[in-house]
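Hi,

Here is the structure I said I'd pass along. Have a look at it first, and then read on for what turned up.

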Amino acid sequence: MAPSVAQIQQVVADPIQAAKQSVKAVEEVATTEETKTEVGAKGPSYPFYYPYFDVDEKFPPLELFDHVDPGTRADPKKPHLLTANVKTTNISPYLGTEVSGVQISELTKEGLDELALFVAERKVVVFRDQNFKDLGPDRQIEIAKHFGPIQRHPTSGNVKGYPEFHVVYRDGDNDRFREYTGGNRASNLQWHSDVSYEKQPPGTTFFFILDQPENGGGDTLFLSQVEAYNRLSPEFRKRLEGLRAVHSAVFQADFSRNRGGPVRREPVESEHPIVRVHPVTGEKALYVNQGFTRHIVGFKKEESDFLLNFLYDHVAKGSDFQIRARYEPGTVVVWDNRVTAHSANPDYDKNFRRHAVRLTPQAERPTEGHA
Ligand SMILES: [Fe+2]
């Protein structure tokens, strides 16, 4: 089986080579301004965030925590976020809004609560012209922590000293994308929900672009798992109620280990409901994804494959509940990982650099909301 895009992103550079280059890049940027310019011209614009792989880095198992979603505290009118200066444009009725005229970095606690609610409602929000990428790691992490403890990825490239960052990187010298997607696929798309194998998978998720292909491309595709659920018949939805599926990190860990990459925490497997309820909006959403969902609890293999493949096919071809998030310099995309799935769109020439960073606050244990 070809690895998921999530898995591909995590090993996009040779781990050992990347570690060496990461150290080199950080050292270079810390020297003279002249050197910094040279690095900027030839290398990543933000070498500090070059993917770093330390095979000796280890994390303990995650512990469960109580999560109160910031969106539950928000004023529904969002007066601190959607001020008179803010312009919003919906990308699609079901999900996605472009926002300009507000800096995430200047939001108060109340504004960040409102951002959580807004993202829960719109599912994907594309913030333009942000200074977020220039805030420095401590402030970036501080903002993201408002939404939950930040997941430290078990296998992906991170930033030396800052394992909270998940780095997505590809350039002309580091292009294992084709190798990892296999030579026999007609499309490189892979819909997934990030690290859904965690007992408490991510909620409000931040993704900011540092370098992007100069000839366009490299959008992220998103779909609404709420609308995907709503499209199903009442009878079919009844059959899904109460079903649970296993989400696994094992393949991802094995894949990294086999490449000589890190496995910072032993892989986990979690059972989650196939239909989950969002804690703020109360909306029901499908919660299975091809990247990490493995089988339906209690079903035989053929039954499980049959139902999961139907659901994967249903969401993948639902272009009337999908959007593309397009990047510009300064763009920060914030999505609610609980009610969306997404796919990278690697349509750009491999010689172009694409560099982005994710901060991934974890949220509540998925619930069916029957209580
Ligand atoms: Fe992802």
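Let's start with the three-strand sheet in this predicted model. The sheet is open, its strands come in the order β8-β7-β11, and they pair in antiparallel fashion. At the edges you'll find β8 (269-273) and β11 (293-296), each of which pairs on one side only. From one strand to the next, the twist averages 30°. If you zoom in on β7 (residues 244-248), you'll see that five bridges join this strand to β8, and that the two run antiparallel. A handy spot to check the register is Val-246, which sits opposite Glu-271 in β8.

There is also a sheet of seven strands, again open, but here the pairing is mixed. Reading across, the order is β1-β2-β3-β13-β5-β15-β4. Why is one side of β1 and of β4 left without a neighbour in the sheet? Both stand at the edges, β1 at 87-90 and β4 at 166-170, and each has a single partner strand, so there is nothing in the sheet on the other side. The twist in this sheet averages 20° from one strand to the next. Further in, β3 (residues 124-127) and β13 (residues 332-336) run antiparallel and are joined by four bridges. Val-124 in that pair stands opposite Trp-335 of β13.

Val-124 is worth clicking on for another reason too. The largest nonpolar core has 66 residues, and Val-124 and Leu-286 are the ones that touch the most other members. Which helix gives the most to this core? That is α4 (residues 109-122), with seven residues. As for Leu-286, leaving aside residues up to four places away in sequence, its contacts are Gln-225, Ala-228, Tyr-229, Ile-274, Val-275, Leu-311 and Val-315.

A second core, of five residues, lies apart from the big one; Val-195, Tyr-197, Ala-253 and Phe-292 are among its members.

Ala-253 brings us to helix α9 (residues 250-258), where the buried residues are Gln-252, Ala-253 and Ser-256. Looking down the axis of α9, these buried residues fall within an arc of 95°, so they line one face of the helix. Just after α9 comes Gly-260, which takes a positive phi of about 80°.

That's what I have for now. Shout if anything is unclear.

Cheers

Technical notes:
Residues numbered from 1 in each chain as written. Predicted model: local features only at pLDDT ≥ 70, side-chain atom pairs only at ≥ 80, totals over all residues. Pairing = 2+ DSSP bridges. Axes fitted to C-alpha atoms, helices over the stretch in contact; angles between N-to-C directions. Buried ≥ 20, exposed ≤ 12 C-beta atoms within 10 Å, placed from the backbone. Arc of directions from axis to C-beta. Core = buried A, V, L, I, M, F, W, Y, C linked by C-beta atoms within 7 Å. Contact = placed C-beta atoms within 7 Å.
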